[in-house]
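Biologist: I would like to learn how to read a structure feature by feature, going from the general idea to the particular case. Could we work through one together?

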Amino acid sequence: MREIIQSIKNLSIGFKSQDGREIAILKNISTSINRGETVGIVGESGSGKSTLALAMMGFSKQGLYPISGECIYKSKNLLDLSDRELEKIRGKQIAMIPQNAGQSLTPNLKIGYQVEETLKLHTKFDANERSIKITELLNKVRLPSPSIMAQRYPHELSGGQQQRVAIAMALAGNPDLLLLDEPTTGLDVTTQAHVLELLNEIAKDTKTSMVYVSHDLGAIAQVSHRVIVMYAGEIVLDGDVRQVLRSPLHPYAHGLLNSIPKLSLPGLPAAMPGTPPQPDENSKGCSFYERCELAINKCNSSKPELKSLSNSQTKVRCFRHDKLEEKELNKNVDLILPQNSNEKRVLNLDNISITYARQSILDQILNRFSDKNITVKDIDIDIKKGETIALVGESGSGKSTILKSIAGLLSIKEGQINFKEDINLSPDVRNRTNSQLRGIQLIFQNPDESLNPSHNVEEILSQPLKLYFGLNGKELKKNIIDLLKKVRLSEKYLYRYPRQLSGGEKQRIAVARAFAAKPDLILCDEVTSALDVSVQAAVLKLLQDLKNELGTTYIFVSHDLAVVRAISDRVAVLYQGRLCEIGPSSEVYKYPSHPYTEVLLGAVLEPDPDLKPKLAAEDIVEEKPPENGCSFQGRCPRVIGEKCFKETPPWQISNQGNAIRCHINIKDLLKNQS
Amino acid sequence: MKNTELETIEEKQISTFDRVSEVLIAIFSRPSGMIGFSIVILHIIIAIISPLIVPYDYKEINSLIMLKPPNETFFFGTDQLGRDVFTRTLMGGRIALFVTFFGTIIAIAWGGFVGIFCGLVGGKIDDIVMRIIDAFLAIPWILAMLLIVVILGTSTQVLIPALGFFYGKGIVRVARAATHDVIARDFIMAAKARGHGNFSIIWNELLPNVRDAIMVEGAMRWSWMLLAFSSLSFLGFGVSPPTPDWGLMISEGRGLMSFAYWSVIAPIVALSSLIIGINLSADAFAKALGIDRTQKAPV
């Protein structure tokens, strides 16, 4: 019998609504965590996964309170303990690693001091022992030269390093249970892979139990032994990681896995219909009934219990899970047909360079550059009509910067932006003509930010229609309703404000606003990264449908390589504002030739516990692009010598049609990989 | 599988009227707002109808009834010229309210516009305008007001714009700060990318989002302006006798306070109650709007 660290029995947590009703966020959760086990809790926003993790250390977010049930740790119910008693447990026996380590570290205290504080609180070491222990802890989380690191301030560390410090602090008290709330969500792909690797090693070395909360099935797959899937505050599936991810026995988990874009599968993932229920909707039946493809009448009238299956440890909350075994995963996928490249040109970026550095007055007079580390340099891309080109890269790769300058919001230092055949676009949006403005539209990452909270949907959509076409009255209204139909929303949304819409609906409105201008080119800036997975698939599908219908061209910026794989015809890989590789996405994903593309693709996490990421390059973060030579010289695992540091690498074109910038012969690069 | 559109939100268009009534209900549902608003409304009603209801002529001098204490015929007594204090108190707020109300509107209009504009364009224009505003803030308002009044006279046509100008400076700062909160958000960038001009951005995108902050600040400024106007009258630069005005009445009666307290108590209570009323309302107004701002999807 395995030792149980914490067991949760019939836990419900909720809040009082304004009209005095008790609304449950978590409903009757029962589960337990064994020693040495890593449990992944996965669910979309609002599913109650963070609330559950916090309850495991006896904490409720403001306004929430436990309605019933208990969290038992060492035969004590954490929910009954006083703050004084909880203090002894928290941090020492149960520790938490927050999502954003940068914000959870005090900015004006040195790293070493902050780790020491935790040690002082939870151990009886004297000063000497503590300083040894600090080095040991920082070493344990694989921070380079720990004694120097201890003297630094948080802002001097990269995001990945800050996360490592947070892990070191959590480990300081030798906890029995480690709670991780989306610890890698804000990190770049390569850094994320390294942090997960570290967590795996720590779990193995220290036999600490971990609870890993995330919306990202890829990350969950890498670290967990067991996975709990949550939906609308309930556990719907609980089982071994391979069982859950390979043959999910709950329709929600099935749909979720299907809606994730995967590197190995080209084409769009299948979207899940509908939205999760609001916490105050009380239905007698299954909470997933509304969105379920297998639902029968019974599902609406009675609630399924979380039942153990006879032949395994898996528990599932569904009447019809046996029907799911026949359904295959990763099958219903819309393939994108490659676009005809003989079409006309829509946009041409001719040797674009952009810098954020200010020019000195002397330089301005002499009309020369003094900035040697230009943010974005030598971008040369030709975009054909009806094509979807993706710009990918980690944070700081200059992909959003390029979009902004195409939109005319950021001036370029060198080069030329040409629109359509022969229109020379002014770098300043104010000098562009009405038709040029109309031709290029932007969709932003976060619809909460990009829609004016004081405008209702009608006002939001009327802005471009009034501006570009001078519509008003009945005609304006008719056009707005047409737009809503185009993004699959009904007329009744007209008078809603953004706060009354769900995330996916908001992004649809943002898409509709961009299409209102009947543009030739739409710039999509991380349009799906603020959305839940199931919603993301639907928005991607919408974008693809609109493109097929209207022949629009997209420039799609994303850090998510799987999403890019799903939607793009062509990919441009950027590192530190320089192009590394550009080519048809099928080829780039099949034969990543440039060392950086290889590293990047290797680090992508797939929702499969047996597909481990390849950690080729060091996870260091470069603040500035290098002055000379190849942009990837600092991290490249294939550096061949002086040449890489001195000379800008030449373009090479492979037989498959992807162009790369590297000193190594492209054939040798491909040979080395296999 | 069913159609899963959520039908929980009513589909009615939310009109301006609905919003105003929503805010008013929020104000009246808290005690401070209830009391404050009642006081302000009472004062406004009195100011409008006082000429019709006052028992005596406000400028009638009668040397036989000088400094009578309050009694049945003269509820608040009489002043040193034998005028009825009750009549003069009821009518004493008329000019003050009129001048400061329109002064506040001017202050909100120019302060709000300049603040939003500076917040939006930034750069050199912002720097220059804000330094000028800072310079004005350094000048004691009372000296500047006295100077204006001495040069241009004490007519309402002078006082309204002068007070409006001096009390708009604070609104500039508030509007600019509120604009800075909004300006970094993507919908402003979206509007710029669409090619909207500055004025369209101010009117359509910024104003609806900073309006609340400006209105609340304007309400606070109103009470200060009222105090300033009464101070001017007190110093003899506001309303000229025999027109009744609280500041003037306090000034006239203050020498006799030790034995004829009634001639100053009434205008003092009237003036302070109005200022307290405005402050309470402004406070409740801010809270009412604050609640509205944090309102998320209906739960």
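**Reading the features one by one**

Modeller: Let us begin with a single side chain, and keep in mind that this is a predicted model. Met34(B) has a relative accessibility of 40% and therefore counts as partly exposed, since that class lies between under 20% for buried and over 50% for exposed. Met34(B) is found in helix 2 of chain B.

Biologist: Which residues make the nonpolar surface patch with Met34(B), and which element gives the most to the patch?

Modeller: The patch covers about 1100 Å², and its residues include Val20(B), Leu24(B), Phe28(B), Met34(B), Ile35(B) and Ile53(B). Two elements of chain B each give two or more residues to this nonpolar patch, namely helix 1 (16–28) and helix 2 (31–53). Helix 2 of chain B gives the most, with nine residues.

Biologist: Now to strands: how should I read the way they pair?

Modeller: The general idea is that strands of a sheet pair through backbone hydrogen bonds, in either a parallel or an antiparallel sense. In chain A, four strands form an open sheet in the order 2-1-4-5, with antiparallel pairing. Strand 2 and strand 5 (76–77) of chain A stand at the edges with a single partner strand each, so one side of each has no neighbour in the sheet. Strand 5 of chain A is joined to strand 4 (residues 65–73) of chain A by two bridges in the antiparallel sense, and Asn77(A) in strand 5 is the bridge partner of Ile72(A).

Biologist: Which strands pair with strand 3 of chain A in the parallel sense?

Modeller: Strand 3 of chain A pairs in parallel with strand 8 (residues 209–214) of chain A over five bridges, and four bridges join strand 3 to strand 9 of chain A, again with the strands running parallel. As for individual partners, Thr38(A) is matched with Met210(A) in strand 8, while Ile41(A) is matched with Ile228(A) in strand 9.

Biologist: And are the residues of strand 3 of chain A buried or exposed?

Modeller: In a regular strand, the side chains alternate between the two faces of the sheet. In strand 3 of chain A, Thr38(A), Gly40(A) and Val42(A) point one way, whereas Val39(A) and Ile41(A) point the other way, and all are buried. With five of its five residues buried, strand 3 of chain A is largely enclosed by the rest of the structure.

Biologist: Let us turn to charged pairs: how many salt bridges does a search of the whole structure find?

Modeller: The search finds 34 over all chains, and for each pair it helps to ask where the two partners lie in the sequence. Arg35(A) and Glu3(A) form one such salt bridge, at 2.7 Å from N to O. Arg35(A) lies in the loop between strand 2 (22–34) and strand 3 (38–42) of chain A, and Glu3(A) in the segment before strand 1 (4–16), so the pair ties together parts that are 32 residues apart in sequence. Both partners count as partly exposed, Arg35(A) at 36% relative accessibility and Glu3(A) at 44%. Glu3(A) and Arg35(A) also belong to a network of salt bridges that links them with Lys74(A) and Asp176(A).

Biologist: What distance along the sequence does the salt bridge of Arg226(A) and Glu37(A) span, and are the two residues buried or exposed?

Modeller: The side chains of Arg226(A) and Glu37(A) meet at 3.3 Å, N to O. Arg226(A) lies in strand 9 (residues 226–231) of chain A and Glu37(A) in the loop between strand 2 and strand 3, so this pair ties together parts that are 189 residues apart in sequence. Arg226(A) is buried, with a relative accessible area of 12%, and Glu37(A) is buried as well, at 6%.

Biologist: Where do I find a salt bridge within one helix?

Modeller: Lys133(A) and Glu136(A) both lie in helix 5 (residues 127–140) of chain A, three residues apart, which is about one turn of the helix. Their closest N and O atoms are 3.8 Å apart. Lys133(A) counts as buried at 15% relative accessibility, whereas Glu136(A) is partly exposed at 45%.

Notes: Residues are numbered from 1 along each chain as its sequence is written. Chains are lettered from A and ligands numbered from 1 in the order in which they are written. This is a predicted model: local features need pLDDT of at least 70, side-chain atom pairs count only at pLDDT 80 or more; totals for chains, interfaces and linings use all residues. Side-chain values use heavy atoms; hydrogens and water are left out. A salt bridge is a side-chain nitrogen of Lys or Arg within 4 Å of a carboxyl oxygen of Asp or Glu. Buried means under 20% relative accessible area, exposed over 50%, partly exposed in between (1.4 Å probe, protein chains only). Two strands pair if DSSP finds at least two bridges between them. Patches are made of residues with over 30% relative accessible area and no salt bridge: like charges are joined within 9 Å, nonpolar side chains (Val, Leu, Ile, Met, Phe, Trp, Tyr) within 5 Å. Accessible areas come from the Shrake-Rupley method with a 1.4 Å probe; for residues, only the protein chains shown count as cover.
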